[in-house]
Amino acid sequence: MAVPLFDTQTPLSRLWPAIEARLSEVIERGVFILGPEVSAFEREFADYLGVRHVVGVANGTDAITIALRALGVGPGDDVIVPSLTFYATAEAAVTAGATPIFCDVDPDTRNVTVDTVRAVLTPRTKAIVAVDLFGCPAPVPQLRELGLPVLEDAAQAAGASLDGCRAGALGDAATFSFYPSKNLGALGDGGAIATDDDGVAELARTLRFHGSHDKSTFIEVGYNSRLDELQAAVLRLFLPELDTWATGRRSAARAYAELGLGEHCGLPAVPDGVDPAWHLYVVTHPRADEVLAGLRQQDVQARGYYRLPVHRQPAMAPYRAASPELPVTDELARTNIALPMSPVLSGEQVREVVGAVAAAARP
Ligand SMILES: *Cc1c(COP(=O)(O)O)cnc(C)c1O
């Protein structure tokens, strides 16, 4: 039995008639940019997260750039970012005009910590970007005690929580991606910024539309970066499913542990109070690429993420000198293996994967 890495189609199949009906309504209305669907989704997602404001934008990368600028980041500022993340986290800091300073992560949670961030603070540090890596919330409340604005990159964490507070409501602002494979995925690109701060929300709203409130006076050099109506309409249909999908992912993660996966590889650590959204279920093995080859032979889809971590990417060479060595990041980049994970991963599929890892990991 082949087991895919993701399954984005099955959870949506039941919703197809409703999706088609919603899309038809939007098309008949004829309003495609910043209309009633975007406003309604922004309100509904803000209520879900428990924050005052959500601002829809074109994608998760723009969301980070715009949120950083709305937090006051600009040329001459340093922004602390992890290197074990999708490239966009650091790229967006550069687009905002800042210098990314890379920090290391905890070997067990794979997230930034107060200690790894404190190790790279400079007098020019203007903000910290904490990624909720693989869907596990970073220790954002502790990071905020450092006294700098914390932007939570929650692109992978829709549906997760920390001490009963939703991922996306933990920082001074947070960003989401609605890229189709994300936990809350659209049928195309989309993104959002969430914040409790009225000023940050207002500035983000202005920046997403060329720095203008009224389409005639331009007070900032901004972006053309809007969530579109068709995507907002489908996201409004998917949002009520998000918690059910997250529950499905959590039971798959539980099944992996219960069936003894941990005897063959390192399992992700979940700190007290954290309810992860398991965007990816990532294990570690010292011979990761060998294990991956063995899984491929058994028709189990798996892959190593961020094998070349962001601080080692060619385009980040100008910023590398300002960052220290990142031994934990380098080691996790080499040893991680993302195993199949989805809201509908069955017990049979989990058993298949555990058996395949056991066989592939045998010396
Ligand atoms: C997906 C992702 C992004 C970028 O989102 P896009 O919508 O593809 O621009 C940023 N950060 C992280 C951690 C992501 O996983």
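# Ligand site and domain contact

Student: What kind of ligand atom lies 2.8 Å from a polar side-chain atom of Asp153?
Tutor: Let's begin with Asp153, remembering that this is a predicted model. A polar atom in the side chain of Asp153 is 2.8 Å from the ligand, which falls within the 3.5 Å limit for a polar contact. The ligand's partner atom here is a nitrogen.

Student: How far is an oxygen atom of the ligand from an N or O atom in the side chain of Thr61?
Tutor: Two neighbours are worth looking at together here. Gly60 uses a backbone N or O atom, 2.7 Å from a ligand oxygen. Thr61 uses an N or O atom of its side chain instead, and the distance to a ligand oxygen is 2.5 Å.

Student: How many residues are around the ligand?
Tutor: Gly60, Thr61 and Asp153 are among those that come nearest, and Ser177 and Lys182 belong with them. These five are part of a wider set around the ligand, and that set has 14 residues.

Student: Which two domains make up the division of the protein chain, and what distance separates their centres?
Tutor: Domain 1 covers 10-103 + 111-239, while domain 2 runs over 241-361. The contact draws 41 residues from domain 1 and 37 residues from domain 2. Taken over C-alpha atoms, the centres of domain 1 and domain 2 are separated by 24 Å.

Student: What area is buried between domain 1 and domain 2?
Tutor: The size of an interface is often given as the accessible area lost when the parts come together. Carbon and sulfur atoms give 66% of the area buried between these two domains. The whole buried area is about 3200 Å².

Student: Which element gives the largest share of the side of domain 1 that touches domain 2?
Tutor: First, 18 residue pairs are in polar contact across this interface. On the domain 1 side, the elements that each supply at least two residues include helix H5 (88-95), strand E3 (99-103) and helix H9 (229-238). The largest share is 5 residues, and they come from E3.

Student: Which residue meets Arg166 in a salt bridge?
Tutor: Side chains of opposite charge can pair when their charged atoms come close. Across the interface of domain 1 and domain 2 there are 2 salt bridges. With an N to O distance of 3.1 Å, the side chain of Arg166 meets that of Asp243.

Student: How many residues apart are Arg205 and Glu42?
Tutor: Arg205 and Glu42 form a salt bridge, with their closest N and O atoms 3.2 Å apart. Arg205 sits in helix H8 and Glu42 in helix H3, so the pair links distant parts of the chain. Along the chain they are 163 residues apart.

Notes
Residues are numbered from 1 along each chain as its sequence is written. This is a predicted model: local features need pLDDT of at least 70, side-chain atom pairs count only at pLDDT 80 or more; totals for chains, interfaces and linings use all residues. Side-chain values use heavy atoms; hydrogens and water are left out. Domain bounds come from an automatic or database domain assignment. Contact means heavy atoms within 4.5 Å. Buried area is the accessible area (1.4 Å probe) that two parts lose on being put together, summed over both. A salt bridge is a side-chain nitrogen of Lys or Arg within 4 Å of a carboxyl oxygen of Asp or Glu. A polar contact is a pair of N or O atoms within 3.5 Å; within protein, one must be able to donate a hydrogen and the other to accept it, and residues adjacent in sequence count only if both atoms are side-chain atoms. Helices (H or I, at least four residues) and strands (E, at least two) are DSSP runs, numbered from the N terminus. A residue is near a molecule or strand if one of its heavy atoms lies within 4 Å of it.
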